[in-house]
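The following note is offered to a reader who is new to protein structures. Its points are best read with the sequence and the structure side by side.

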Amino acid sequence: MGAADLNIAGKDYFTEVEAAHYACVSESQFREKRAEYGLQGFWWMGKKVYRKADVQLAMEAAWQQSPQGADA
């Protein structure tokens with residue numbers, strides 16, 4: 001499944017593939033760095049899922065710490 005095939009509109013919970021897509025990184029990068037950003041998925045009906053809100057908060061926190069965020 002490629003990025004063009006993903007439909008994450010309106011979802012509050014993402015699979016790992018969807019979470020990586022939402023975070024604009026590869027699946028391997030997401031897996032490697034998720035703990036660094038405090039992202040903890042949980043198992044739901046046989047799939048590991050992540051809350052959209054958690055991914056968004058992690059991205060916002062990183063942006064706030066960046067020079068662009070600090071200057072805004």
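1. Helices and strands are here runs assigned by DSSP, with at least four residues for a helix and at least two for a strand, and they are numbered from the N terminus. On that basis the chain has four helices and three strands. Their order, beginning at the N terminus, is β-α-α-β-β-α-α. The reader should keep in mind that the model is predicted.

2. Some overall values may come next. The chain has 72 residues, and 22% of them count as buried. Its accessible surface amounts to about 5,300 Å², with carbon and sulfur atoms accounting for 52%. When contacts between residues at least 6 apart in sequence are considered, 39% of them join residues at least 24 apart.

3. How many aromatic pairs does the structure hold? There are three aromatic pairs. One of them is formed by tyrosine 13 and phenylalanine 42, which meet edge-to-face, at 6.0 Å centre to centre and with 90° between the planes. Because tyrosine 13 belongs to strand 1 (residues 13-15) and phenylalanine 42 to strand 2 (residues 42-44), this pair ties together parts that are 29 residues apart in sequence. Tyrosine 13 counts as partly exposed, at 45% relative accessibility. Phenylalanine 42 is also partly exposed, its relative accessible area being 33%.

4. A further pair consists of phenylalanine 30 and tyrosine 50: the ring centres are 5.1 Å apart and the planes stand at 90°, so the pair is edge-to-face. Phenylalanine 30 is part of helix 2 (residues 27-33) and tyrosine 50 is part of strand 3 (residues 47-51), so a helix and a strand are tied together by residues 20 apart in sequence. Are these two residues buried or exposed? Both phenylalanine 30 and tyrosine 50 are buried.

5. The largest pocket deserves a separate point. Its volume is about 260 Å³. Which elements give two or more residues to its lining? They are helix 2 and helix 3 (52-65). Helix 3 contributes the most, with four residues. The lining includes Phe30, together with Gln29, Lys33, Val55, Ala58, Met59 and Ala62, among others. Sorted by class, the lining comprises nine nonpolar residues, one polar residue and two charged residues.

6. Two glutamates of helix 1 should also be examined. Glutamate 16 lies in helix 1, which spans residues 16-22. Why does glutamate 16 count as buried? Its relative accessible area is 17%, and a residue is called buried if the value is under 20%. Leaving aside residues up to four places away in sequence, glutamate 16 touches Phe30, Arg31, Arg34, Lys48 and Tyr50. Two of these names, Phe30 and Tyr50, have already appeared as an edge-to-face pair.

7. Glutamate 18 is likewise found in helix 1. With a relative accessibility of 8%, glutamate 18 is buried. Which residues does glutamate 18 touch, not counting those up to four places away in sequence? They are Leu6, Asn7, Ile8, Lys11 and Tyr13. Tyr13 was met above as a partner of phenylalanine 42 in an aromatic pair.

Terms used:
Residues are numbered from 1 along each chain as its sequence is written. This is a predicted model: local features need pLDDT of at least 70, side-chain atom pairs count only at pLDDT 80 or more; totals for chains, interfaces and linings use all residues. Side-chain values use heavy atoms; hydrogens and water are left out. Buried means under 20% relative accessible area, exposed over 50%, partly exposed in between (1.4 Å probe, protein chains only). Contact means heavy atoms within 4.5 Å. Accessible areas come from the Shrake-Rupley method with a 1.4 Å probe; for residues, only the protein chains shown count as cover. Rings of Phe, Tyr and Trp (its six-membered ring) pair if their centres lie within 6.5 Å; planes under 30 degrees apart count as stacked, over 60 as edge-to-face and the rest as tilted. On a 1 Å grid over the protein atoms alone, a cavity is a set of points where a 1.4 Å probe fits but cannot get out, and a pocket is an open set with protein on both sides within 12 Å along at least five of seven lines; lining residues have an atom within 4 Å of a point. Grid points are joined across faces, edges and corners, and a volume is the space filled by probe spheres set on the points. Ala, Val, Leu, Ile, Met, Phe, Trp, Tyr, Cys and Pro count as nonpolar, Asp, Glu, Lys and Arg as charged, and the others, Gly among them, as polar.
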